[in-house]
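Got the viewer open and a selection box ready? Here is a short tour, stop by stop.

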Amino acid sequence: MISAEEKLQVENYLIWKKLPLDILLEVKDHMISQIEDCMNDERIGFEEAFSRVELSWRGSFSLTKYWVFYGNEKIPLIVKKIIKEKYYQIFKKAFVFALVSFFISILLVFYADNVEQYKTFFHLQNALFVVAPSIILVLNYKLLKYMRADFKFKGRIFYTMYQKNVGLLAISTISMVQVAMKEGKYAYWFFRTDDHTHTFYTLLTFIVPLFVQSFVIFGIMNFFEHKKTLKDITAIANY
């Protein structure tokens, strides 16, 4: 077993590599386990074992870009791989929920008695994607301080891999306000009349809400993942 001071040395090394705390804790456990195995198998001290394990991880800590969420900021390769996988799973679920909303919007076209009624349905349906995240943020107002970009562990790294992306919820919700203010009349005319002269606007009527709703739902799921991970980190810290 390695000492508390040696574990702190591993932790500080990973902080220096700018791993978000949730990823850091996972990687830290793997590295410590490998260091202990190396010390026992090779009959060597901590420093040499740490050096060998660090060398084996060096490729995972090489810097790369993930422009979709980080722009030109460079992040460790292992962070990009983990975040990419996690975000993909979340966005896939979000897109499925948005597709359900998409099909509901089509059904509402045929359920509406006239274009004015469909406009009301269109406003209400899209307004839900403004109200829902707003209620979530209000009910979780105490967590807002944990979502700031300057809320960092030891002032150097983010607490969770989701923290960087929480702002997307606010941006997508604001965008949703613009969508909810539209009328959706082109969709009604396309399906309920012989007027097919506005096909492009009809596509926009469906595609834009689908796109923005996907990001709103992604933002909500991302928010709850951030909240859950913060609780897990706090539980570990208090253990």
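What follows is a walk through a predicted model, with something to select at each stop.

**Stop 1: the big core**

Start by selecting V10, L14, L19, V27, M31, I35 and F61. Within the largest nonpolar core, which has 58 residues, these are the ones that touch the most other members. Now colour the helices that feed this core: α1 (4-16), α2 (21-42), α3 (46-57), α5 (77-111), α6, α7 (167-180) and α9 (199-238) each put in at least two residues.

Zoom in on L19 next. Which residues does L19 contact, leaving aside its neighbours within four places in sequence? Show L14, L24, V27, F61, P76, V79 and I157, and you have the list.

**Stop 2: α2 against α3**

Keep α2 and α3 on screen and hide the rest. The two helices pack at an angle of about 125 degrees, and their axes are 9 Å apart. Oblique is therefore the word for how α2 and α3 lie to each other, since that label covers angles that are not under 35, not over 145 and not in the 65 to 115 range. The crossing of α2 past α3 is right-handed.

For the interface itself, select V27, H30, M31, Q34, I35, C38, M39 and E42 on the α2 side, then F46, A49, F50, R52, V53, E54, S56 and W57 on the α3 side. Colour that α2–α3 contact by residue class and you get 10 nonpolar, three polar and three charged residues. V27, M31 and I35 of this contact were also among the core residues selected at the first stop.

**Stop 3: two loops with positive phi**

A quick look at the backbone now. Most residues other than glycine have a negative phi. Select K18, in the loop between α1 and α2: its phi is near 65 degrees, a positive value in a residue that isn't glycine. Is K18 buried or exposed? With a relative accessible area of 58%, K18 is exposed, because the cut-off for that label is over 50%.

Then jump to R43, in the loop between α2 and α3. R43 isn't a glycine either, yet its phi is positive, at about 55 degrees. R43 is exposed too, with a relative accessible area of 75%.

**Stop 4: α5 against α6**

Bring up α5 and α6. Their packing angle is about 160 degrees, with the axes 9 Å apart. The pair is therefore roughly antiparallel, as angles over 145 degrees are given that label. α5 passes α6 in a right-handed crossing.

Show S101, I104, S105, L108, V109 and Y111 from α5, meeting Q117, Y118, F121, Q125 and F129 from α6. How many charged residues are in the contact of α5 with α6? None: this contact has seven nonpolar and four polar residues.

**Stop 5: α6 against α8**

Stay with α6 (residues 115-139) and add α8 (residues 185-192). These helices pack at about 130 degrees, their axes 9 Å apart, and are therefore oblique to each other. Their crossing is right-handed. The contact is made by V115, Y118 and K119 from α6, with K185, A187, Y188 and W189 from α8. Sorted by class, the residues of this α6–α8 contact are five nonpolar, no polar and two charged.

Pick K119 for a closer look. K119 sits in helix α6 and is buried, at a relative accessible area of 14%. Setting aside neighbours within four places in sequence, its contacts are E183 and K185.

Now select I106, V109, V115 and A187. These are among the members of a second, separate core of 11 residues.

**Stop 6: two buried spots on α9**

Finish on α9. T202 is in this helix and is buried, with a relative accessible area of 5%. Leaving out neighbours within four places in sequence, T202 contacts Y186, A187 and F190. Draw a C-alpha to C-alpha distance from T202 to F190 and it should read 6.9 Å, for residues 12 apart in sequence.

Last pick: G219, also found in helix α9. G219 counts as buried, at 1% relative accessibility. Which residue should you pair with G219 for one more C-alpha distance? Try L168: the two are 51 residues apart along the chain, with 5.9 Å between their C-alpha atoms.

Definitions and conventions. Residues are numbered from 1 along each chain as its sequence is written. This is a predicted model: local features need pLDDT of at least 70, side-chain atom pairs count only at pLDDT 80 or more; totals for chains, interfaces and linings use all residues. Side-chain values use heavy atoms; hydrogens and water are left out. Axes are lines fitted to C-alpha atoms, for helices over the stretch in contact, and angles run from 0 to 180 degrees between N-to-C directions. Helices (H or I, at least four residues) and strands (E, at least two) are DSSP runs, numbered from the N terminus. A crossing is left-handed if the near helix is turned anticlockwise from the far one by less than a right angle, and right-handed if clockwise. Contact means heavy atoms within 4.5 Å. Ala, Val, Leu, Ile, Met, Phe, Trp, Tyr, Cys and Pro count as nonpolar, Asp, Glu, Lys and Arg as charged, and the others, Gly among them, as polar. Buried means under 20% relative accessible area, exposed over 50%, partly exposed in between (1.4 Å probe, protein chains only). A nonpolar core is a set of buried Ala, Val, Leu, Ile, Met, Phe, Trp, Tyr and Cys residues joined through side-chain atoms within 4.5 Å.
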